[in-house]
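Trainee: I should like to request a close look at the strands and turns of a single chain, chain B, and at how that chain relates to its partner. Please treat the matter as one connected account.

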Amino acid sequence: MLKIFILIFFSINLFAITNQEVANRCETVMKGFKSSQAEMQMTLINANKQRRTRDMSMMTLESNSGNKSLMTFLSPADVKGTKFLNHEHLNRDDDQWLYLPALKRVKRIASSSKSGSFMGSEFSYEDLSSFNPKKYIFKGDAKIGMLNSKKVYIGERIPKSKNSGYTKEISYVDTKNFLIQKVDYYDRKHELLKTATFDKYKKISGKWRVAQMTMVNHQNHKKTILKWSNEKIKLHLRQKDFNKRVLKK
Amino acid sequence: MRLFLFLLLSSILLAKTEQKNDSTLFDNITYRGDIDWITQSYLIAPADKNPDNITTAANLEATYKKNNLRIHTKVRLQQDLNDLESGAKDTHRSYARIDELYSQYEYDNGQALIGKSLRFWGALEVRNIADVFNPYDLRADPFEKRKLGVINAEYTRYTETGELSFIVQLYEQARDMSAYPYVYYYFPKDIKYSKDLKTQSGQYRPNIYVKYSDSLDSEYALDYTIIFQNGYDSQRYYTTHLTVNNEIETNEHAYLVNKFITYDTLVIGATLYKLEAIFTDVLNNDEISDYTHIGLGLEHTIPQIYEEADLGLLAEYYKYTTLENSKRNDLQLFEVFQNDLFLGLRYTLNKGDDSSIIGGGIFDLDYSEEVYYFEYNTRIADTYKIKFDYRYIEPSKNRPTVFNLMGRHQRISLKVGYYF
């Protein structure tokens, strides 16, 4: 009996994986696209199921110190040509600028309000920033559970940024390929606020990329679906393609 | 006009040269535009001026982009319905105008531009002291801050994080002004504005700008720009004379200056700190003094103050100082923001219709003037924008300020825009 117990004890510890390790593997799986260009469509669905769509194009440059991204709005027509430039930083607030074509104005934005809604959607600015384990505190081992007939690691992470809109996030990660399947977000009152579901991944030039994700807000019953299409990666984009001056081009 | 036709033909020629056989010219053209219907009603209006006006306007933009070449044009058409009844109600506010037509070519480490273009220089919200490149349109609602295109050539050299630009404005253009019955005509009824611009050295005397912009990528992020200008000042002065028909006519005068300009934004946490400042050294003019103009501002955002809505707190202060007492002062130069404080709020609902409410007050600390305004913006059915605005101006009672000359007024305005 003791032998069986010892065997089970060691088996559990041999196959246990910490939340930090799961997060590192998630980052590794998604890392290495170098740069990307894609079209994005955002569908806003309100509590009465009414839909509104927003179209954008997006360029991203991968960097160890934080990704850089340039988003150009294509619709609705009144915001066509509006551009949003974001320089992520791991240890301080991001640098953000907005270009308003009607005024020819480049406007600096205070990015400390990471929890603010992005374009009236259920996504906040921090939801759309790249996943990096250095932004979170992880504790303990991941639990194993099932999600849509898939075996997943379930783990808790706590955002380090004091400006985060969340106190806790629970992630569900596919045990086979370490792709994030779902994240539950808890608000400052420690209540479940939103759930992001990673509906579809695509392998592009050997790298996994998110093709569709849905954010459901449990408190206001609104939903936003974000779809990426025509994505290309490893495009030889350079730092200077993400300089503030590109906003006016 | 000849220069303009030259620019137009050059742009078409450049576009044809860049064109490859595998695509047509039209494949590389994008366009955007809006058609607006604006009605303004003055609950309190100066006597004899139109108590309301309805304006229809269209803005049309087209951009051709192929490889490193970009050709852009922007056209504006405006019709004030009062102008259809020619006579006493005519506001002289109806026109068709090309605001932009330029070619821009991108090099690996820089870019060149030639043509008629609009630029924005500034950081503040209410008054952009540094925004001196394009003259303001005197036929527009002054609260719209509509500008006129300027014919210029630019070469910009990129540095690692910044850019150095050399800009030459090729022609100093005269500008039209609305006629008396429009509320925002600044002179008394018996003074007629003449479009004939009086200049110190001719309208073809070039304006030269050297501009450097950069950002500091540190814990406290800073965007800064410094500009040196030699040429005609954006501030103008007016003189009156009697015409052969015994009418009083007023003209705009442009004079030469050396000007030093800066506009900067510093980010600390959720607060933006803004500065716009100019020092103007006036060259050989008996009427106009050297002057400084400084604007300081801050914008603090409180996120999710109610549900998803953000609240922005805005405060700005402006100080204009002439350095020679014997010359024209701020009142004679129609400077509104000579010692003024602005306090405002911006409530952004963060809903799918991008609704926002902006309101505030501008307080003149020298002449006891007050301006209050409120704006509500929203979008309907993804293609229509609605803007409702209310303004109240309480002018100085005993000093000849711009608002005193215009008269006390209170207005409501509704703008419906169709965007495509």
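Mentor: The account below begins with confidence, passes along the strands of chain B, and ends with the partner chain.

The model is a predicted one. For chain B the mean pLDDT is 92, and 94% of its residues reach 70 or more. For the complex, the predictor reports an ipTM of 0.89 and a pTM of 0.89.

Consider β2(B), β3(B) and β4(B). Strand β2 of chain B, residues 52-66, pairs with strand β3 of chain B, residues 69-80, in the antiparallel sense over 12 bridges. Within this pairing, B:Thr56 stands opposite B:Gln79. The two strands form a hairpin with 2 residues between them, and B:Asn67 in the turn has a positive phi of about 50 degrees. β3(B) also pairs with strand β4 of chain B, residues 95-106, again antiparallel, over 10 bridges. There B:Lys74 of β3(B) faces B:Glu100 in β4(B).

A further hairpin involves β12(B) and β13(B). Strand β12, residues 237-242 of chain B, is hardly covered, since the count of buried residues among its 6 residues is 0. It runs antiparallel to strand β13 of chain B, residues 248-254, and 6 bridges join the two. B:Leu242 stands opposite B:Ile248 in β13(B). This hairpin has 5 residues between its strands, and B:Asn246 takes a positive phi near 65 degrees.

The loop between β18 (339-348) and β19 (356-364) of chain B holds B:Asn350, and B:Asp354 is found in that loop as well. B:Asn350 has a positive phi of about 55 degrees although it is not a glycine. A positive phi of about 55 degrees is likewise found at B:Asp354, which is not a glycine either. What of their burial? B:Asn350 has 20 other C-beta atoms within 10 Å and is therefore buried, a count of 20 or more being the criterion. B:Asp354 counts as partly exposed because it has 17 C-beta neighbours inside 10 Å.

As for the partner, 32 residues of chain B are in contact with 23 residues of chain A. On the chain B side, the elements that give two or more residues are β11 (221-232), β14 (256-268), β15 (271-282) and β16 (291-306). β16(B) gives the most, with 3 residues. By class, this side of chain B has 10 nonpolar, 10 polar and 12 charged residues.

The nonpolar cores complete the picture. In soluble globular proteins, nonpolar side chains tend to be buried together. The largest nonpolar core has 30 residues, of which A:Val22, A:Cys26, A:Met40, A:Tyr153, A:Val173 and A:Leu226 touch the most other members. Among the elements of chain A that each supply at least two residues of this core are α2 (19-30), β1 (35-45) and β9 (150-159). Not counting residues up to four places away in sequence, A:Cys26 touches A:Phe131, A:Val173, A:Phe178 and A:Ile180. Apart from this core lies another, of 14 residues, including B:Trp121, B:Leu124, B:Val150 and B:Ile227.

How values were computed: Residues numbered from 1 in each chain as written. Chains lettered and ligands numbered in written order. Predicted model: local features only at pLDDT ≥ 70, side-chain atom pairs only at ≥ 80, totals over all residues. Core = buried A, V, L, I, M, F, W, Y, C linked by C-beta atoms within 7 Å. Buried ≥ 20, exposed ≤ 12 C-beta atoms within 10 Å, placed from the backbone. Helix = DSSP H or I, 4+ residues; strand = E, 2+ residues; numbered from the N terminus. Contact = placed C-beta atoms within 7 Å. Nonpolar A, V, L, I, M, F, W, Y, C, P; charged D, E, K, R; others polar. Pairing = 2+ DSSP bridges. pLDDT = per-residue confidence, 0-100.
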